[in-house]
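Thanks for coming. I will go through one model this morning, strand by strand, and then turn to the metal site and two helices.

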Amino acid sequence: MNYTDTHAHLERLEEAHTQLEALFDAGFGKILDIGTVCDDLAGRIAEFGRYPEVRFAAGIWPYPQAVSDRERMAAVLEAQIEAAPPGFVVAVGECGLDHHQEQPDKAGERELFEAHIALAARFDLPLVVHSRDAPTETLAVLRDHPGIRGIIHCYSYGVEEARVFLELGYHISFAGNLTYKKSDSLRETLRFIPDDRLLLETDSPFLAPQSHRGQPCRPGFIAETYALAAELRGMDRETLKELIAANADALLFA
Ligand SMILES: [Zn+2]
């Protein structure tokens with residue numbers, strides 16, 4: 001199977017271990033398990049660290065309560081990363097800017113994001129960036145902190161924005177919404193991404209691809225996203241799997 005999933009929330013899956021054992025028995029590739037709150041890392045490693053294919057990102061999703069309590073939470077996050085056994089944490093995130101939700105303190109949200117960028121620099125880890133309805137603001141922050149590598153996850157903007165993220169050195173990761181009927185602009189953008197910067201993810205349990213829409217997403221559903229991405233890029237599926245695995249290894253897992 002050799003699929004790579006660069007963004008999943010494994011602790012939110014139903015019967016996660018049943019799913020994962022079946023996937024890994026069938027040869028599924030690596031999964032990056034993503035953090036969203038300041039103190040979820042130790043529990044996720046305890047639960048999923050037994051799978052050699054699973055590695056971890058630790059970060060704080062920019063929900064308003066985290067923004068207002070950002071200094072304390074960023075300190076907790078830093079301590080959790082320091083305390084993790086070596087080799088398990090391979091990225092900082094998810095973190096970023098979300099203006100799809102009501103965000104009462106945008107300056108504070110930026111500070112929380114920048115606290116993650118400081119951790120990425122301190123631990124020499126890539127950043128997993130969540131950016132929704134905030135392309136200009138996200139690009140402004142990343143531009144102010146050159147030399148950081150990372151992933152723009154669940155990419156939701158167009159080609160013009162992608163061009164700038166790529167110039168700044170970031171990888172672009174597409175989720176199951178690539179397969180939705182209205183996603184023509186995403187499909188156009190996917191074609192534009194250079195081979196060595198492309199990643200694919202499920203964002204499980206969110207954003208199930210079109211044929212499973214409305215169900216909780218599972219890492220196994222990523223086959224549909226790979227099939228469409230391969231078709232859009234005029235590539236066979238096995239070649240695309242090797243390409244994504246190599247990109248993810250170079251950035252995250254190697
Ligand atoms: Zn996520």
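Strands, zinc and two helices

I start at the N terminus, where β1, α1 and β2 form a β-α-β unit that is right-handed. Keep in mind throughout that this is a predicted model. The strands β1 and β2 run parallel and are joined by 2 bridges. In that pairing, A8 sits opposite D33 of β2.

Next, the strands further along the chain. β4 and β5 are also parallel, with 5 bridges between them. One of the residues involved is D98, whose bridge partner in β5 is R132. To get from β4 to β5 the chain passes through helix α5, residues 106-123, and this β-α-β crossover is right-handed. On its other pairing, β5 runs parallel to β6, residues 150-152, and 3 bridges join the two. There, V129 stands opposite I152 in β6. The connection from β5 to β6 goes through helix α6, residues 135-143, and that β-α-β crossover is right-handed.

How enclosed is β5 by the rest of the structure? Of the 6 residues in this strand, 5 are buried, so β5 is largely enclosed.

Now the zinc ion. Its protein donors are H7 through NE2, H9 through NE2, E94 through OE and D203 through OD, at 2.1 to 2.6 Å. Along the chain, the donors follow the spacing H-x1-H-x84-E-x108-D. H9 belongs to the loop between β1 and α1, while E94 belongs to strand β4, so this pair ties together parts that are 85 residues apart in sequence. Both H9 and E94 are buried.

Why is the arrangement of the 4 donor atoms called irregular? The angles they subtend at the zinc ion run from 85 to 175°, and a tetrahedral site would need all angles between 85 and 135 degrees.

On to helix α8, residues 184-192, where L186, R187, T189 and L190 are buried. Viewed down the helix axis, the buried residues of α8 fall within an arc of 160°, so they line one face. The elements covering them include α7, β7, β8 and α9.

Last, a single residue in helix α4, which spans residues 70-83: Q80. Is Q80 buried or exposed? Its relative accessibility is 18%, and the cut-off for buried is under 20%, so Q80 counts as buried. Leaving aside residues up to four places away in sequence, Q80 touches C38, D39, D40, L41 and A42.

That is the tour; I will take questions now.

Conventions:
Residues are numbered from 1 along each chain as its sequence is written. This is a predicted model: local features need pLDDT of at least 70, side-chain atom pairs count only at pLDDT 80 or more; totals for chains, interfaces and linings use all residues. Side-chain values use heavy atoms; hydrogens and water are left out. Helices (H or I, at least four residues) and strands (E, at least two) are DSSP runs, numbered from the N terminus. Buried means under 20% relative accessible area, exposed over 50%, partly exposed in between (1.4 Å probe, protein chains only). Contact means heavy atoms within 4.5 Å. Donors are N, O and S atoms within 2.8 Å of the metal (3.2 Å for Na, K and Ca); water is not among the atoms, so sites may look incomplete. Four donors count as tetrahedral if all angles lie between 85 and 135 degrees; four count as square planar and six as octahedral if opposite donors are over 155 degrees apart and all others between 65 and 115; anything else is irregular. Two strands pair if DSSP finds at least two bridges between them. A crossover is right-handed if, with the strands pointing away from the viewer, the path from the first strand over the helix to the second runs clockwise. The arc is that of the directions from the helix axis to the C-beta atoms.
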